[in-house]
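User: Hello! Could you walk me through this model with a few questions and answers?

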Amino acid sequence: DIISTEIQRLERTTERYLDLSRRQEANLRLQDPMQLIRELIQQEGTHLPITFHLRGDGDETAIDEDIFRRSLRNLFRNSIEANADEISISVATQARCVVVSVSDNGDGMDPAQKDSAFDPFFTTKANGTGLGLAICRQELESFGGSIQIVSTKIGCCFQLTLPR
């Protein structure tokens, strides 16, 4: 069942890449982001060389599950490629939004990299396309969400804001 579900997600992801030039309607459903994160960590955690820490509170909000999962997977992959061995995820429910913070203990980014991180085709990786974070931002914004880099002393921290 998991393999079948993930194949379907990959097919949808491929379709999204092909349709980047057209804005897609988000498929919003009321969901608990904590539950989605737990499921993703359970599915991905055994295959990734990283330790996850999860804390916070969950409250249902309108989320496009595929967009949310793709965004988190991209951040996990980026953390691993930045030599992180731990990822901390916190979820905070606020009056108008849910904030999901994803922090790692990897190499981090210098100020110039932070300024360009969401630009299409910007990459610091030899085999990177530079589309991961640009697509994350575009997709999250399609349903009123956002993503930003938060300054940290060690590693990197991204904040995903989901509207309520």
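User: Which strands does helix H2 lie across, and at what angle does helix H2 run to S2?

Analyst: Happy to help! This is a predicted model, where local features need pLDDT of at least 70, side-chain atom pairs count only at pLDDT 80 or more, and totals for chains, interfaces and linings use all residues. Residues are numbered from 1 along each chain as its sequence is written, and side-chain values use heavy atoms, with hydrogens and water left out. Helix H2 (residues 33-45) lies across S2, S4 (86-93), S5 and S7, and its angle to S2 (from 0 to 180 degrees between N-to-C directions) is about 170°.

User: Which strands stand at the edges of the open sheet of five strands?

Analyst: The order is S2-S4-S5-S7-S6, with mixed pairing (two strands pair if DSSP finds at least two bridges between them). Each edge strand has a single partner, so one side is left without a neighbour in the sheet; these are S2 (51-56) and S6 (146-150).

User: What is the bridge partner of serine 101 in S7?

Analyst: S5 (residues 97-104) and S7 (residues 156-163) run antiparallel, joined by eight bridges. Within S7, serine 101 is partnered by glutamine 159.

User: Is aspartate 66 buried or exposed?

Analyst: Aspartate 66 has its place in helix H3. Leaving out residues up to four places away in sequence, aspartate 66 touches Arg9 and Arg12 (contact means heavy atoms within 4.5 Å). The relative accessible area of aspartate 66 is 16%, and the cut-offs are under 20% for buried and over 50% for exposed, with partly exposed in between (1.4 Å probe, protein chains only). Aspartate 66 is therefore buried.

Technical notes: Helix = DSSP H or I, 4+ residues; strand = E, 2+ residues; numbered from the N terminus.
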